[in-house]
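Reader: I should be grateful for a close look at one part of this model, namely the largest cavity and its surroundings. Which residues line the largest cavity, and which elements give two or more residues to that lining?

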Amino acid sequence: MRPENYHPVEHPASHEYELYFGPNHPGIEGNYALKVRLSGDEIVGIKADGGYLHRGFEKIMEDRLWIQNVALVPRICVPDPPPMEQTYAQAVEMLGGLEVPERAQWIRAMILEMSRICGHLFIVGGIAATIGQYSNMFWGIADRDRILDLFEELTGARIYHMFITPGGVRRDIPDGFLDRLSHVLDYLEARLPEYDDLFFDNPVFHRRAEGIGAMTQEQALAWGVTGPNLRACG
């Protein structure tokens with residue numbers, strides 16, 4: 001039974017609707033996203049939502065001591081925090097004329113590479129889920145956890161490590177850590193053919209991904225694109 005004052009919503013003739021394209025979670029207005037207006041499968045309008053989450057870090061850091069910002073900068077990029085720590089540490093070192101010991105430089109490189117692998121597993125699993133390959137999503141989560149376990153052993157934290165600090169790193173690596181890391185890397189390398197078979201060589205992935213977001217070298221350089229996206233342009 002419907003109440004007497006019930007009135008159905010009149011849909012516009014074009015059947016337009018709004019869709020968020022970007023990060024989706026309970027704080028949806030906080031992340032940068034695109035509000036896309038669709039009419040069927042046709043995009044008829046796009047509005048960028050800059051959001052407020054992960055914004056204003058530089059301004060906040062102005063009112064803090066340099067050591068307080070060590071705990072703040074990892075929050076700039078949750079899935080891949082160490083590059084933020086490295087960038088901030090290098091800035092402080094340049095301003096203070098600090099020289100980083102060679103061993104600390106190698107430890108930093110190790111941490112950054114561990115985080116880079118985590119980031120790749122994160123995005124592969126995420127893309128796999130969006131195209132219905134949930135097995136690959138679970139693989140990505142489980143394999144990424146192996147690296148996060150090592151981060152927890154090394155730094156005491158799984159996500160925000162705060163291990164790269166101005167002048168070097170917070171502490172030396174524990175005994176046996178390199179052997180455990182080598183074991184995990186050997187395991188992940190052996191898994192790569194399985195990722196190829198299930199994900200990268202999958203015709204569904206090719207049909208959904210090829211030609212999407214393509215850019216020229218000139219566009220990439222003009223827009224400041226870095227990393228894998230820049231290398232993909234040649």
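Author: Helix 4 gives the most to the lining of the largest cavity, with three residues. The model is a predicted one, and the values that follow are computed from it. The structure holds one cavity of 30 Å³ or more, and the volume of the largest cavity is about 50 Å³.

The lining consists of Val 78, Pro 79, Pro 81, Ser 115, Cys 118, Arg 144, Leu 148, Phe 151, Arg 158, Ile 159 and His 161. Two elements, helix 3 (102-130) and helix 4 (134-155), give two or more residues each to this lining. By class, seven of the lining residues are nonpolar, two are polar and two are charged. Rolling a probe the size of a water molecule over the atoms is what reveals where empty space remains.

The two helices may now be considered together. Two packed helices are described by the angle between their axes and by the distance between those axes. For helix 3 and helix 4, the angle is about 160° and the axes lie 8 Å apart. Because an angle over 145 degrees counts as roughly antiparallel, helix 3 is roughly antiparallel to helix 4. The crossing of helix 3 and helix 4 is left-handed.

Helix 3 itself also permits a check of its length. With 29 residues at 1.5 Å a residue, helix 3 should span 42 Å, and its end C-alpha atoms are 43 Å apart, so the two values agree. After helix 3 comes Gly 132, which has a positive phi near 85°.

Notes: Residues numbered from 1 in each chain as written. Predicted model: local features only at pLDDT ≥ 70, side-chain atom pairs only at ≥ 80, totals over all residues. Heavy atoms only, no water. 1 Å grid on protein atoms, 1.4 Å probe; cavity = no way out; pocket = protein on both sides within 12 Å on 5 of 7 lines; lining within 4 Å. Points joined across faces, edges and corners; volume = space filled by probe spheres on them. Helix = DSSP H or I, 4+ residues; strand = E, 2+ residues; numbered from the N terminus. Nonpolar A, V, L, I, M, F, W, Y, C, P; charged D, E, K, R; others polar. Expected span 1.5 Å × (residues − 1). Axes fitted to C-alpha atoms, helices over the stretch in contact; angles between N-to-C directions. Parallel < 35°, antiparallel > 145°, perpendicular 65-115°, else oblique. Left-handed = near helix turned anticlockwise from the far one by under 90°.
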